[in-house]
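Student: Could you take me through the ligand site in close detail, and then follow the protein outward from there?

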Amino acid sequence: MFGKIARSTAAVLLLAALAGCGGGSDSDAGPPGGADGTITMGFSQVGAESGWRTANTKSIREAAEAAGVDLRFSDAQQKQENQIKAIRSFIQQRVDVIAFSPVVETGWDAVLLEARRAGIPVILTDRAIDSDDTSLYETFLGSDFVEEGRKAGRWLVDNTEGPVRVVELQGTTGAAPAIDRKEGFEEVIAERPDIEIVATQSGDFTRAGGKEVMEAFLKSTPGIDVVYAHNDDMGLGAIEAIKAAGREPGTDITIITVDAVRDGMQALADGEINFIVECNPLLGEQLMDLARKVVNGEEVPARVVTEETTFTPEEARAVLSEREY
Ligand code: AHR
């Protein structure tokens with residue numbers, strides 16, 4: 001991969017600099033992995049917007065500790081500019097590897113080029129970026145969000161009779177899971193012209209956002225049959241709004257969400273959500289394994305897709321007690 005070529009170039013420049021020949025590389029930090037073999041990872045997290053994110057952060061912190069990785073963790077509070085600042089700071093700190101979960105898909109090329117020039121490999125985790133230059137990162141570990149949207153759409157197609165009026169609570173505008181979950185859902189419901197998305201808006205993947213948008217939908221949009229929420233937290237916010245409007249979630253209005261975190265699964269088991277598509281946040285172990293390989297110059301697959309399932313209320317009741325998150 002191009003990233004490995006960049007690292008080799010950085011190593012040559014480093015030797016040149018040590019030999020007094022100049023070269024001006026900013027990657028003269030010594031061998032990757034540090035003298036004692038400890039890997040330093042700079043990790044820029046999206047934020048703490050959802051139960052999924054909390055579980056994902058915990059998984060990454062625990063896996064780093066178990067693998068002996070020195071983790072420099074930064075919370076971007078759902079702002080791209082904070083992630084760009086964090087990545088620049090990791091470059092200055094000369095970490096061995098940078099991993100991040102991009103809050104939005106576009107606008108990363110410049111900072112990732114800076115990482116490449118410094119000879120620091122980058123791993124995308126959870127969310128992808130939209131760039132023509134796939135050599136800016138070594139691998140992407142995470143879910144197939146389009147497939148998650150398709151699973152939600154398939155359940156709706158198979159379990160309803162028309163006409164069906166759907167309101168959609170989208171994730172953060174410009175984020176890969178918001179774009180892809182919408183795309184996959186729309187692709188499948190296209191086979192049923194009697195299913196219509198009558199209103200759609202971002203609730204920013206938060207419970208408060210889901211509640212606020214649903215309150216507005218309930219006032220502005222008559223005859224809502226179904227809520228399709230891009231994550232559990234927004235679905236849980238919608239449940240609060242539906243109850244406050246004197247209606248019964250899961251019965252008067254069908255609710256489909258994505259994630260399958262504990263609170264979502266509890267609502268599913270209680271019949272307030274009707275179907276959940278799983279999105280697995282436990283990426284820590286795989287991330288540390290990929291990081292070790294990348295730092296050691298081993299080959300890694302360009303894409304590692306997370307395995308996931310779906311849950312009905314009965315299935316949620318069966319697994320709830322042993323759920324890790
Ligand atoms: O990128 C994963 C998504 O981000 C999760 O589905 C959502 O809960 C989170 O905010």
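Tutor: Let's start with Asp259: an N or O atom in its side chain sits 2.6 Å from an oxygen atom of the ligand. Keep in mind that this is a predicted model. As for cover, the ligand has 280 Å² of accessible area on its own, and the protein covers 100% of that.

Asp259 has company. Glu49 places a polar side-chain atom 2.5 Å from an oxygen atom of the ligand, and for Asp126 the distance from a polar side-chain atom to a ligand oxygen is 2.8 Å. Around the ligand you'll find Glu49, Ser50, Trp52, Arg53, Asp126 and Arg127, along with Phe145, Pro177, Arg181, Phe205, Asn231 and Asp259.

Now pick out Phe145, Pro177 and Arg181 from that set, since they're a handy way into the next bit. Phe145 belongs to α5, while Pro177 and Arg181 belong to α6, and these three also take part in the contact between the two helices. Helix α5 covers residues 145–159 and helix α6 covers residues 176–189. Two packed helices are described by the angle between their axes and the distance between the axes. Here the axes come within 6 Å and cross at roughly 35°, and the crossing is right-handed.

Who else makes that contact? On the α5 side, the residues include Val146, Glu148, Arg150, Leu156 and Val157; on the α6 side, Asp180, Glu183, Phe185, Val188 and Ile189 are among them. Sorted by class, the α5–α6 contact has 10 nonpolar, three polar and seven charged residues.

Carry on along the chain and you get to the loop between α5 and β6 (164–170), where Pro163 lies. Check the backbone there if you're setting anything up: the peptide bond joining Gly162 and Pro163 is cis, with omega about -5°.

One more backbone detail is worth a look. Gln77, in the loop between β2 (70–75) and α3 (80–93), has a positive phi of about 50° even though this residue is not a glycine.

Key. Residues are numbered from 1 along each chain as its sequence is written. This is a predicted model: local features need pLDDT of at least 70, side-chain atom pairs count only at pLDDT 80 or more; totals for chains, interfaces and linings use all residues. Side-chain values use heavy atoms; hydrogens and water are left out. Axes are lines fitted to C-alpha atoms, for helices over the stretch in contact, and angles run from 0 to 180 degrees between N-to-C directions. Helices (H or I, at least four residues) and strands (E, at least two) are DSSP runs, numbered from the N terminus. A crossing is left-handed if the near helix is turned anticlockwise from the far one by less than a right angle, and right-handed if clockwise. Contact means heavy atoms within 4.5 Å. Ala, Val, Leu, Ile, Met, Phe, Trp, Tyr, Cys and Pro count as nonpolar, Asp, Glu, Lys and Arg as charged, and the others, Gly among them, as polar. A residue is near a molecule or strand if one of its heavy atoms lies within 4 Å of it. A polar contact is a pair of N or O atoms within 3.5 Å; within protein, one must be able to donate a hydrogen and the other to accept it, and residues adjacent in sequence count only if both atoms are side-chain atoms. Accessible areas come from the Shrake-Rupley method with a 1.4 Å probe; for residues, only the protein chains shown count as cover.
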